[in-house]
Amino acid sequence: MVGSLGQPLLFLVALGYGFGPIYAKAGGGNYIQFLAPGVICMGILFTAAFAGIEMIWDRQFGFLRETLVAPVSRFNIMLGRTLGGATVAVIQGIIVLILSMIVGFRPENLLMLPFALLFMFLIAILFTAFGTAIASVLEDMQGFQLIMNFLIMPIFFLSGSFFPLVGLTGAIDIIAKANPLTYGVDGLRGTLMTMNHFPLSLDLLVMTLVTAALLAIGSYLFSKIQI
Amino acid sequence: MISAKNVIKKFGDLVAVNDVSFEIKAGEIFAFLGPNGAGKTTTIKMLTTLLEPTSGHLEINGNDPVKEKDEARYSFGIVFQDPSLDDELTAYENMHFHGVLYGVPKKQLKERIEQLLKFMELWDRKDDLVKHFSGGMKRRLEIARGLTHHPKILFLDEPTLGLDPQTRNHIWSYIKELNKKENMTVFFTTHYMEEADRVADRIAVIDHGKIIEQGTPTEIKTKTNSATLEDAFLALTGNTIREEKAESAMRIGRRMWHKR
């Protein structure tokens, strides 16, 4: 827990204060204010994805079998696992939010906080389901590094967590727009700071649809597990 | 209660279970014996919905474990051969989680957990994390957990492996009592032949994925003209030592490749 809090905090301090002056010079305003929602998303993303992938451990240590033969439908098991992992991830996100406020982040409208929480929950559920879907297919932890490096890291870096989406061109624009986390970050930025790029309704719609789709895929793959 | 008809399971080119058929009546204690990698665990996995057979038909308490997975899962309990406890939970939590999964009523669950943990002499360690337990303690807890909900059918895959004779006797007397009191059907595998001889009503011997003999312990001993079940077992399966792959899904002897 402490370990996974250190990284977002490091990003916030190093990037926030490091790039802050240049960002302000370029006319972007206060970089910390812009960056903090992205870093909160980062905390949620990593915890959530890992919570899903953690199922591989359960498979290796045999505990998964105990749940797989139980007279509970696999969809419910998958849903339970996902909600459990997502809850931890949201708590993580809230802690990062508090930490970022200590470092200097000032949310514009605290009244929107419930909506911010809604976006945090959606991000958390989406990526826990994503992790669970991957873990249903993988048999051991060997592939874990691969997934971190080739899926989770790109999703994070190419999501607009660090940079504004305004004026992006070419491939990076397309990638950012195809990345579900972009809409999560944007939604969080919109609710905390009214600095959203897309309309909040679009953010909410995309996040809900992708979450539902991943839950469906995840539970399908989970129901097909044979040990 | 349990039936298998011409069941075949292949992993790629490997035939783990080769045309196996058997029939087990309600209330029977059935021992499934065979050398390492003979196909015992694969058969149990198919009966308990964890694996789907390549072909053939299975039935468990009137349900097909392939098509009616959820219904089938209601009717059995299982003690796995490999550990399946959550190390990060306490003994009590492992038991409680199991009870909740199987919908045991709260009050009954509390009583049963206490009774079983006391029976397995784990009660004073109930609040310790399982990762601090010794191998024997984990095994006892695993069996205790499998008995918390009294299922119609109980699968035991080498349940007493690594336990001392005292504990083994202790556990078998408990299971026999459950079998009598609740007419619970028991399907188990073991490498302790005297155990099978003493406990089982009927025995099937499987080797290289095929059932080579079925009957009561006495019948099998008479047929092979042996004094003990161990001798009968050796007469049926030969004296060679079987190789075994480490991966659980592939617990099938490579000997299948070069049959004598």
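These legends walk you through several close-up views of a predicted model.

**View 1. Where chain B meets chain A.**
Let's start with the place where the two chains touch. On one side, 20 residues of chain B take part, and they are in contact with 13 residues of chain A. Which element of chain B gives the most to this side? That would be helix α2 of chain B, residues 69–74, which supplies three residues. If you sort the chain B side by class, you get ten nonpolar residues, seven charged ones and three polar ones.

**View 2. The two domains of chain B.**
Now look at chain B by itself. Chain B is split into domain 1, made of 22–75 + 151–260, and domain 2, made of 85–150. Taken over C-alpha atoms, the centres of domain 1 of chain B and domain 2 of chain B sit 24 Å from each other. The contact between these domains uses eleven residues from domain 1 of chain B and nine residues from domain 2 of chain B. On the domain 1 side, helix α6 of chain B (residues 165–182) gives the most, with five residues. That side of domain 1 of chain B, the one touching domain 2 of chain B, has eight nonpolar residues, two polar and one charged.

**View 3. Two helices packed together in chain A.**
Next, zoom in on a helix pair. Two packed helices are described by the angle between their axes and the distance between the axes. In chain A, helix α2 (residues 31–53) packs with helix α6 (residues 113–137) at an angle of about 30 degrees, and the axes are 7 Å apart. Is the crossing of α2(A) and α6(A) left-handed or right-handed? The crossing of α2(A) and α6(A) is right-handed. On the α2(A) side, residues making the contact include A:Cys41, A:Ile44, A:Leu45 and A:Ala48. From α6(A), the contact residues include A:Met120, A:Ile123, A:Ala124 and A:Phe127. How many charged residues does this contact have? There are no charged residues in the contact of α2(A) with α6(A), just 16 nonpolar and four polar ones.

**View 4. The largest nonpolar core.**
Some names from the last view come back here. The largest nonpolar core has 118 residues, and the members that touch the most other members are A:Ile44, A:Leu45, A:Ile123 and A:Ala124. Helix α2(A) gives the most to this core, with 16 residues. Why can we say that the core lies between domain 1 and domain 2 of chain B? Because domain 1 (22–75 + 151–260) and domain 2 (85–150) of chain B both give residues to the core. Take a closer look at A:Leu45: leaving out residues up to four places away in sequence, A:Leu45 touches A:Ile123, A:Phe127, A:Ile152, A:Phe156 and A:Leu181.

**View 5. Two residues in chain A helices.**
Here's a pair to compare. A:Leu97 belongs to helix α5 of chain A, residues 74–103. A:Leu97 is buried because 22 other C-beta atoms lie within 10 Å, and the cut-off for buried is 20 or more. Follow the chain to A:Gly184, 87 residues apart from A:Leu97 in sequence, and the two C-alpha atoms turn out to be 15 Å apart in space. A:Phe144 belongs to helix α7 of chain A, residues 144–157. A:Phe144 has 17 C-beta neighbours inside 10 Å, so A:Phe144 counts as partly exposed. Its C-alpha atom is separated by 26 Å from that of A:Ile94, with the two residues 50 apart along the chain.

**View 6. Two loop asparagines in chain B.**
Check the backbone angles in this view. B:Asn61 is in the loop between β4 (55–60) and α2 of chain B. Phi of B:Asn61 is near 50 degrees, which is a positive value in a residue other than glycine. B:Asn61 is partly exposed, with 17 other C-beta atoms within 10 Å. B:Asn225 is in the loop between α8 (217–224) and α9 (229–237) of chain B. Phi of B:Asn225 is also positive, near 60 degrees. Is B:Asn225 buried or exposed? B:Asn225 is exposed, because it has 9 other C-beta atoms within 10 Å, and the cut-off for exposed is 12 or fewer.

**View 7. A buried threonine in chain B.**
Last stop: B:Thr43, in helix α1 of chain B (residues 40–47). With 30 C-beta neighbours inside 10 Å, B:Thr43 counts as buried. Not counting residues up to four places away in sequence, B:Thr43 touches B:Val17, B:Val20 and B:Phe32. B:Glu59 is 16 residues apart from B:Thr43 along the chain, and their C-alpha atoms are separated by 12 Å.

Key: Residues numbered from 1 in each chain as written. Chains lettered and ligands numbered in written order. Predicted model: local features only at pLDDT ≥ 70, side-chain atom pairs only at ≥ 80, totals over all residues. Contact = placed C-beta atoms within 7 Å. Helix = DSSP H or I, 4+ residues; strand = E, 2+ residues; numbered from the N terminus. Nonpolar A, V, L, I, M, F, W, Y, C, P; charged D, E, K, R; others polar. Domains from an automatic or database assignment. Axes fitted to C-alpha atoms, helices over the stretch in contact; angles between N-to-C directions. Left-handed = near helix turned anticlockwise from the far one by under 90°. Core = buried A, V, L, I, M, F, W, Y, C linked by C-beta atoms within 7 Å.
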